[in-house]
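The following paragraphs lead through a structure, beginning with its open spaces and moving on to its metal site and its strands. Please keep the sequence and the coordinates at hand while reading.

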Amino acid sequence: MKIASVDVFVLKSPLDFPFAFSQGWVTQRSATLVRITSDEGHVGWGEAFAQGLEPPEIAAAAIEHALKPILIGADALSPAVLWQNMYVKTRDYGRKGSVVAAISAVDIALWDMAGQILGQPVFTLLGGAHRAQVQPYATGFYRLEGQGEVDRLAEEARQHKAAGFKAMKVKLGFGLDDDLTVMAAIVDALSDPSIELMVDTNHAYGRSEALILGKALEAYNMRWYEEPVVPEDVEGYAELRHKLSVPIAGGENEHTPFGFHAYFKAGAVDVAQPDIASCGGITAARDIAALAHAAGVAVNPHVWGSAVAQAASLQYIATLPTPHASLFAKQPLLEYDRSDHPFRQKLISNPWTLEDGMIAIPDGPGLGINVNMDVVEEYAV
Ligand code: MG
């Protein structure tokens with residue numbers, strides 16, 4: 001069976017209320033989707049990560065001009081072989097960023113299509129599921145004005161708790177004074193030490209400020225401290241991990257097993273966060289998980305995309321072993337973005353819901369989703 005067609009869709013939707021993380025203002029939500037079809041009519045969907053400031057057209061152009069010629073006519077059931085072909089042929093101008101995000105989208109679509117062909121969920125093709133459901137954590141606490149929003153953010157914490165979330169991630173990196181005021185107010189508003197907290201500065205600080213913030217965070221029930229420094233500062237990660245008791249997380253801006261290998265070799269992180277739609281897809285994420293396992297590092301994927309990327313993340317989470325097995329070992333969590341996104345869930349006809357604070361991992365063929373073509377066309381540009 002051969003690959004017959006590769007179609008790319010760039011989706012965009014402006015936001016009524018732009019919001020900020022530490023690196024800038026997000027004014028629109030966007031996605032780069034790819035649809036791959038076999039010569040017998042099987043269809044697979046994939047997505048390239050488009051973070052809030054990233055033009056989705058870059059990955060779309062890489063798929064259209066660099067990857068499509070490699071794919072058309074190739075064996076439809078060889079995602080890992082095609083991953084090598086795509087990576088090697090883009091190595092001299094790719095390796096990181098949007099080109100690898102493009103490979104990710106294609107790879108996810110190939111695994112989805114393989115699941116459609118074989119009638120099995122992706123997690124079965126990868127060796128089976130360690131779990132059938134996953135606990136989500138709320139990602140939120142974006143800023144509408146910038147600094148000085150402590151009351152609104154404390155109220156947001158109460159809303160996540162009322163919605164059933166037992167874990168939540170606070171966006172910091174808006175200046176140490178503002179960050180520490182916000183954290184104290186959120187902890188006070190929750191008044192529930194059983195709720196796990198994460199913080200994410202999106203690499204807003206250098207090592208010294210990151211250390212001051214980390215020391216202050218040691219007072220709280222922290223699951224992790226995410227992207228304390230820029231992704232290039234692997235030694236800085238290792239230094240902070242050495243000096244702080246708070247677990248250090250990172251990896252959403254790192255790519256491929258090669259990039260993560262450098263992190264693990266340096267002892268940079270307690271929690272590795274590959275984004276399936278950015279790190280090289282399911283094939284790369286599978287290999288990153290194996291490297292992490294050997295290094296004694298937990299894997300907890302990052303995801304901030306549409307339902308396609310979320311579905312890939314759910315399949316991957318099903319396959320992740322716990323790095324330090326015990327009766328009450330911490331299980332991987334699903335990042336559950338609570339910020340405004342006009343088409344994230346509308347994109348599929350079978351969206352997941354929270355039940356008793358958990359999400360069931362889809363067990364249909366491939367990614368287990370049905371993409372609404374009319375919604376794709378509604379938002380396509
Ligand atoms: Mg992050």
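In what follows, helices (H or I, at least four residues) and strands (E, at least two) are DSSP runs, numbered from the N terminus. The model is a predicted one.

The largest pocket encloses about 420 Å³ of space. Its lining consists of 23 residues, and those nearest the centre of the pocket are Val 271, Ala 298, Pro 323, His 324 and Lys 330. Two or more lining residues come from each of E7, helix H10 (281–295) and strand E10 (298–299). Of the elements that line the largest pocket, H10 provides the largest share, with three residues. Sorted by class, the lining of this pocket comprises 13 nonpolar, six polar and four charged residues.

The second largest pocket has a volume of about 320 Å³. It is lined by 24 residues, and Phe 21, Phe 49, Gln 51, Glu 252 and Asn 253 are the closest to its centre. At least two residues of this lining are supplied by helix H3 (97–118), and at least two by strand E5 (167–171). H3 gives the most, namely three residues. The lining of the second largest pocket divides into six nonpolar, twelve polar and six charged residues.

One residue of this second lining leads on to the metal site. Glu 252, among the residues closest to the centre of the second largest pocket, is also a protein donor of the magnesium ion. The protein donors are Asp 200 (OD), Glu 226 (OE) and Glu 252 (OE), and they lie 2.0 to 2.2 Å from the ion. Along the chain, the donors follow the spacing D-x25-E-x25-E. Asp 200 belongs to strand E6 (residues 196–200) and Glu 226 to strand E7 (residues 222–226), so this pair ties together parts of the chain that are 26 residues apart in sequence. Asp 200 is buried, its relative accessible area being 0%. Glu 226 is likewise buried, with a relative accessible area of 0%.

How far from Gly 280, C-alpha to C-alpha, does Glu 196 lie in space? Glu 196 has its place in strand E6, the strand that also holds the donor Asp 200. Because buried means under 20% relative accessible area, Glu 196 counts as buried at 12% relative accessibility. The C-alpha atoms of Glu 196 and Gly 280 are 29 Å apart in space, and the two residues are separated by 84 residues in sequence.

Strand E5, which contributes to the lining of the second largest pocket, is mostly covered, with five of its five residues buried. Which residues of E5 point one way, and which the other? Ala 167, Lys 169 and Lys 171 point one way from the strand, whereas Met 168 and Val 170 point the other way; all of these residues are buried. E5 is joined to strand E4 (residues 133–140) by three bridges, and the two strands run parallel. Within this pairing, Ala 138 has Met 168 in E5 as its bridge partner.

A further group of strands forms a sheet. Strands of a sheet pair through backbone hydrogen bonds, either parallel or antiparallel. Here three strands form an open sheet in the order E1-E2-E3, with antiparallel pairing. Strand E1 (3–21) and strand E3 (43–48) are the edge strands, each of them pairing on one side only. On average, and with direction ignored, neighbouring strands of this sheet are turned by 20 degrees against each other. The antiparallel pairing of E1 with strand E2 (residues 24–38) extends over 14 bridges. Ser 5 stands opposite Thr 37 in E2.

Strand E2 also takes part in an enclosed space. The structure holds one cavity of 30 Å³ or more, and the largest cavity has a volume of about 60 Å³. Its lining is made up of Gln 28, Arg 29, Ser 30, Glu 47, Ala 50, Gln 51, Gly 52, Trp 304, Gly 305, Ser 306 and His 341. E2 provides the largest share of this lining, with three residues. By class, the cavity lining has two nonpolar, seven polar and two charged residues. Gln 51 thus appears in the lining of the largest cavity and among the residues closest to the centre of the second largest pocket.

Technical notes
Residues numbered from 1 in each chain as written. Predicted model: local features only at pLDDT ≥ 70, side-chain atom pairs only at ≥ 80, totals over all residues. Heavy atoms only, no water. Donors = N, O, S within 2.8 Å, 3.2 Å for Na, K, Ca; no water. Buried < 20%, exposed > 50% of the residue type's maximum accessible area, 1.4 Å probe, protein only. Pairing = 2+ DSSP bridges. Axes fitted to C-alpha atoms, helices over the stretch in contact; angles between N-to-C directions. 1 Å grid on protein atoms, 1.4 Å probe; cavity = no way out; pocket = protein on both sides within 12 Å on 5 of 7 lines; lining within 4 Å. Points joined across faces, edges and corners; volume = space filled by probe spheres on them. Nonpolar A, V, L, I, M, F, W, Y, C, P; charged D, E, K, R; others polar.
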